[in-house]
Amino acid sequence: MTEPSGGPAGGAFAEAAPPLDAGPTEADWTAAVAAVRDLPADGRVLLICHVNPDGDALGSMLGFGLGLRRLGVRRMQATFPGPPEVPEPFQELPGLDLLVPATEAYPDPDLVICFDAASGSRLGELVDRLETARAALVLDHHASNTHFGRINLVDPHAAATSVVAEGLLGRLGIELDAGIAECLYVALSTDTGSFRFEATTPAVHELAARLLATGIRPGDISRRVFDTRPFGAVRLFGEVLGRARLEPAVAAGHGLVWTYATQDDLARHDQRPYVLEPLIDSVRCTAEADVSCVVKETTTGDWAVSMRSKGAVDVSRVAVALGGGGHRFAAGFTGSGTLDEVVGRIRAELDGALTGAGRH
Ligand code: 5GP
Ligand code: MN
């Protein structure tokens with residue numbers, strides 16, 4: 001990507017209806033700062049992130065929550081839809097004490113802030129808070145974001161939602177401390193694939209430098225987040241990778257590599273579903289395929305699909321066509337049916353998908 005690292009040069013000269021991918025305007029930032037500053041003294045803040053939260057969802061939410069705490073906000077909860085289970089790699093994040101199960105979340109908070117969700121459908125049973133809250137703020141970086149908040153800070157050029165979160169913390173005058181920094185660092189390093197993806201701009205490294213300057217330990221954090229898994233997961237990965245299939249003709253010859261994991265696979269190795277998340281990284285390194293997929297059975301007949309591309313195919317188009325969303329290089333959706341049906345739909349979309357010079 002070749003965008004400048006700063007924000008878009010809209011400002012006072014921005015058109016009345018800027019394109020959705022232009023990023024937040026100064027008016028958006030001002031409205032977001034006001035939404036926080038206008039909280040009543042005992043105002044209740046509810047922080048939400050997307051279902052099956054990843055490092056960016058949890059890290060940007062908890063880092064921002066710790067920042068609000070520094071600002072003096074006392075009544076605050078953080079939550080996400082579904083079972084209140086934090087994946088093992090994130091179980092030492094600072095700020096976890098803010099978490100409550102979705103069933104206990106304030107029904108009508110003074111302010112709701114939503115992190116890393118491209119649409120309301122990623123918020124499950126919590127989506128109604130966008131209506132019941134007095135103010136609703138969305139922080140995100142997905143190009144497919146539907147701007148479902150009343151105030152939207154959506155920057156598709158940001159490498160992670162944590163970049164947007166840090167922008168708002170800065171505008172609120174909140175200084176980074178080691179707790180905030182660790183959360184934001186986990187978010188930034190997970191969403192940039194440890195600073196390897198195209199979105200790793202100079203601004204990303206400058207932010208990482210500011211975070212590291214608080215004294216956090218990147219070696220310890222990376223070992224915990226990326227390089228630790230139970231032995232059962234290691235053996236499960238071996239099995240799932242051993243059945244990967246390469247289909248070189250798919251996607252107009254750009255190639256597809258894919259594999260799958262069932263509930264039974266997880267049960268046999270006594271593993272929780274989130275251990276499957278890093279699997280896509282071992283599949284996508286296949287030299288002969290531009291597109292990679294891991295198809296994960298969530299409940300019987302329902303599959304969560306992770307897709308990655310090396311650039312020839314815009315997988316977000318495929319995911320959106322199949323009811324999901326994401327980015328050009330990383331996207332996903334949930335589908336129902338048999339494994340063959342779900343993979344057949346992916347193949348059909350890939351064969352029909354525009355290749356080459358799509359938008360980001
Ligand atoms: P992952 O494969 O890591 O779960 O997700 C990759 C990207 O696709 C993320 O940006 C994520 O937000 C998006 N994504 C994954 N699954 C879904 C889904 O079911 N719906 C939507 N809208 N986006 C998804
Ligand atoms: Mn993200």
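In this predicted model, His141 is buried, with a relative accessible area of 3%. Asp116 is likewise buried, and its relative accessible area is 3%. The cut-off for a buried residue is under 20% relative accessible area.

**The manganese site**

His141 and Asp116 both belong to the set of protein donors of the manganese ion (ligand 2), which consists of Asp56 (OD), Asp116 (OD), His141 (NE2) and Asp191 (OD). These donors lie 2.2 to 2.4 Å from the ion. Along the sequence, the donor residues follow the spacing D-x59-D-x24-H-x49-D. Asp116 and His141 link distant parts of the chain, being 25 residues apart. Asp116 sits in the loop between strand 3 (111-115) and helix 3 (129-132), while His141 sits in the loop between strand 4 (135-140) and strand 5 (151-154).

**The surroundings of ligand 1**

The shell around ligand 1 comprises 14 residues, and the closest are His142, Ser306, Arg308, Gly325 and Ala331. By character, the shell divides into three nonpolar, eight polar and three charged residues. Strand 9, strand 10 and strand 11 each contribute at least two residues to this shell. The largest share, five residues, is supplied by strand 11.

Polar contacts to ligand 1 are listed below.

| Residue | Protein atom | Atom of ligand 1 | Distance |
|---|---|---|---|
| His142 | polar side-chain atom | oxygen | 2.9 Å |
| Ser306 | polar side-chain atom | oxygen | 2.6 Å |
| Gly325 | polar backbone atom | nitrogen | 3.2 Å |

Taken alone, ligand 1 exposes 490 Å², of which the protein buries 81%.

**The six-stranded sheet**

The strands that contribute to the shell around ligand 1 include strand 9, strand 10 and strand 11, and these strands also take part in an open sheet of six strands. The order in this sheet is 6-7-8-9-11-10, and the pairing is mixed. Strand 6 (245-247) and strand 10 (325-326) stand at the edges; each has a single partner strand, so one side of each lacks a neighbour in the sheet.

Strand 7 (residues 256-261) and strand 8 run parallel and are joined by six bridges. Within this pairing, Thr259 has Val294 of strand 8 as its bridge partner. Strand 8 (residues 291-299) is mostly covered, as seven of its nine residues are buried.

On to the next pairing in the sheet: strand 8 and strand 9 run antiparallel, with eight bridges between them. Glu297 stands opposite Trp303 of strand 9. The hairpin formed by strand 8 and strand 9 has two residues between the strands, and Gly301 in this hairpin takes a positive phi near 85°.

Strand 9 (residues 302-309) is also joined to strand 11 (residues 330-336), by seven bridges, and the two run antiparallel. Here Asp302 stands opposite Ser336 of strand 11.

**Helix 4**

Which residues of helix 4 are buried? They are Thr161, Ser162, Val164, Ala165, Glu166, Gly167, Leu168 and Leu169. Helix 4 covers residues 161-171, and because eight of its 11 residues are buried, the helix is largely enclosed by the rest of the structure. Just after helix 4, Gly173 takes a positive phi of about 75°.

Definitions and conventions. Residues are numbered from 1 along each chain as its sequence is written. Chains are lettered from A and ligands numbered from 1 in the order in which they are written. This is a predicted model: local features need pLDDT of at least 70, side-chain atom pairs count only at pLDDT 80 or more; totals for chains, interfaces and linings use all residues. Side-chain values use heavy atoms; hydrogens and water are left out. Two strands pair if DSSP finds at least two bridges between them. Helices (H or I, at least four residues) and strands (E, at least two) are DSSP runs, numbered from the N terminus. A residue is near a molecule or strand if one of its heavy atoms lies within 4 Å of it. A polar contact is a pair of N or O atoms within 3.5 Å; within protein, one must be able to donate a hydrogen and the other to accept it, and residues adjacent in sequence count only if both atoms are side-chain atoms. Accessible areas come from the Shrake-Rupley method with a 1.4 Å probe; for residues, only the protein chains shown count as cover. Ala, Val, Leu, Ile, Met, Phe, Trp, Tyr, Cys and Pro count as nonpolar, Asp, Glu, Lys and Arg as charged, and the others, Gly among them, as polar. Donors are N, O and S atoms within 2.8 Å of the metal (3.2 Å for Na, K and Ca); water is not among the atoms, so sites may look incomplete. Buried means under 20% relative accessible area, exposed over 50%, partly exposed in between (1.4 Å probe, protein chains only).
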